[in-house]
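Q: Please take a close look at the sheet in this model and at what surrounds it, going through the arrangement step by step. I would like one connected account rather than a list.

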Amino acid sequence: MLSTMQDVPLLISRMLHHGSTVHASSRVTTWIGEGAPRRRTFAEIGARTAQLAHALRDDLGVRDDDRIATLMWNHAEHVEAYFAAPSMGAVLHTLNLRLPPKQLVWIVNHAADRVVLVDGSLLPLLVPLLPHLTSVEHVVVSGPGDRSGLAGIGPRVHDYEELIAEKPTAYDWPELDERRAAAMCYTSGTTGDPKGVVFSHRSVYLHSMQVNMAHSMALTDADTSLIVVPQFHVNAWGLPHAAFMSGFNMLMPDRFLQPGPLAEMITTERPTHAAAVPTIWQGLLAEVTARPRDLSTLTQVTIGGSACPPSLMRAFDTLGMRVCHAWGMTETSPLGTIARPPAHAIGTDEEFGYRITQGRFPASVEARLRGPDGDLLPWDGTAAGELEVRGPWIAAAYYGGADAEPLRPDDKFSADGWLKTGDVGTISPDGYLTLTDRAKDVIKSGGEWISSVELENVLMSHPEVAEAAVVAVPDEKWGERPLATVVLAEGATVGFEGLRAFLAETVAPWQLPERWTLVQAVPKTSVGKFDKKVIRKQYADGTLDVTRI
Ligand code: ADP
């Protein structure tokens, strides 16, 4: 028997319509460094989005499924692109501006992007790539920047504001199939080649509803979210889309991501929520410790992308900024779990233990753990295995390229269609995930596994340690052993012996690193995570000054 309900497709154009009418007065504020920020209401964003879509279709000839790439920081125009491309039936492709040029060229050509929307300030990055970009026909430049390098190049060049000026402020958005491609994003390749994940209208819509749930980020039109996580990092974790559903205001930092400007934005624009990877917050913490500010409005901070060190969570608690830890990946849109403690633990000694897990699975994300011998493991909080997930906003394959079949590599998808995350951990009986490592980062010492994340967390809780990354290095006797890479805080006097003794207070003796090295900064990936590939290579090349104790 069929239902009697309406079958209304879950489309991004519907989110846009809702946000720009019901939440017409909510705002996107873009930080511009010196001077008053640029402010635009959701109603204005809606009108400009329609203008952009008209320009893309009528002036640039964009048709269904054409890929519209963005090489942009977080700002209002990038939000307009977020809604214009998918709503008109094209596909938004956000480019990670921190990738090495060769990878960017590979990605643009693989996705066959036809149009690139670029910030004027990022032209020095784009211009040298253009001769290698085989599919790009149009470059649309937004904002100030030296455009002289664009003279005489292949693609046609347009100015964003001139292009959209005088276009109609309404667009008759097509009634698309909700399963069609809306946006695409390549994984940042922390552990291999980039792989393209193609989100559908339906997956973005359902994911955005999840972001807005009370047990998730729970933002309303009374909130302002400082969206530090880049729009090219898995759709800024779904925040711009979620904002158009629930009306929360967006504060966009543009390219001003250093701790000083971020602290200034918080003091002057008074956001209530913020989202970014842990390294951003470590930087902000150092800044506000050295130069205290009034950050009192910022009471909710979503941290994900890599494990949040407990010491960071505690330090933020002391400042009144409550951290909510979340886990996800490009393939999961990205929200996979979020660590809101269960009601019975709130206010008890158990609460922190729940908050520091990667979080609880929401409805729609199913999870299972697979042990080293291929068996499924119980959710008992102790059996550790590789996490596999499935659900309506989880990838079933990677983009294979134009006219090619989607890719389903065996190491990424199970025979019955679940995503193999490559993350290793446990799940408690009440559905909280605790990750101990990435499968590729686990240290396999004499048949036992050592969690690099656990060693890092303990080291980073030492008051004289600013950052610490631990990687596996080859060892003749044990197969692999941990190498501790440490950045000391200003004025620190602690030595390796002292750090090892500190670790020994919480970590089993056989897990303690013998190899130690001091560095100025831990190498980071394009999205600000510790780049362990680079540390392993530096060790192999002998470029690190390693002390054995
Ligand atoms: P990349 O694979 O290039 O790093 P993603 O942003 O898709 O790009 O990274 C997803 C991975 O990041 C996850 O598989 C996991 O290993 C790690 N990750 C994300 N959030 C967390 C978290 N809260 N704790 C630990 N690891 C995390």
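A: The model is a predicted one, and the domain assignment of the protein chain provides the frame, with domain 1 covering 9-28 + 39-203 and domain 2 covering 441-548. Between the C-alpha centres of domain 1 and domain 2 the separation is 40 Å.

The sheet itself is open and is built from seven strands, which follow one another in the order 7-6-5-3-4-8-9 with mixed pairing. Strand 7 (156-159) and strand 9 (196-200) each have a single partner strand, and because they stand at the edges, one side of each is left without a neighbour in the sheet. From one strand to the next, the twist averages 25°.

Within that order, strand 4 (residues 91-94) and strand 8 (residues 181-186) can be followed in more detail, since they pair in the parallel sense over two bridges. At the level of residues, His 93 of the model has Met 184 in strand 8 standing opposite. Helix 4 (residues 101-111) lies across strand 8 and strand 4, and also across strand 3 (67-71) and strand 5 (113-119), and the direction of helix 4 makes an angle of about 155° with strand 8.

Another helix whose geometry can be checked is helix 2 (residues 42-59). Its 18 residues should span 26 Å at 1.5 Å a residue, and the end C-alpha atoms are 25 Å apart, which agrees with that expectation. Many positions of helix 2 are buried, among them Phe 42, Ile 45 and Gly 46, and the buried list also includes the run Arg 48, Thr 49, Ala 50, Gln 51, Leu 52, Ala 53, His 54, Ala 55 and Leu 56. As a general point, an α-helix has 3.6 residues a turn, so residues three or four places apart point the same way. Just after helix 2, Gly 61 adopts a positive phi of about 70°.

Turning from the sheet and helices to the cysteines, a search of the whole structure finds zero disulfides. For Cys 308, the closest cysteine sulfur is that of Cys 324, and because the two sulfurs are 10 Å apart, they are too far for a bond, the cut-off for a disulfide being a pair of sulfur atoms within 2.5 Å. Seen from the other side, Cys 324 is in no disulfide either, with the sulfur of Cys 308 as its nearest cysteine sulfur. Cys 308 counts as buried because its relative accessibility is 2%, and Cys 324, at 5% relative accessibility, counts as buried too, the limit for buried being under 20%.

Notes:
Residues are numbered from 1 along each chain as its sequence is written. This is a predicted model: local features need pLDDT of at least 70, side-chain atom pairs count only at pLDDT 80 or more; totals for chains, interfaces and linings use all residues. Side-chain values use heavy atoms; hydrogens and water are left out. Helices (H or I, at least four residues) and strands (E, at least two) are DSSP runs, numbered from the N terminus. Axes are lines fitted to C-alpha atoms, for helices over the stretch in contact, and angles run from 0 to 180 degrees between N-to-C directions. Contact means heavy atoms within 4.5 Å. Domain bounds come from an automatic or database domain assignment. The expected span of a helix is 1.5 Å times one less than its number of residues. Buried means under 20% relative accessible area, exposed over 50%, partly exposed in between (1.4 Å probe, protein chains only).
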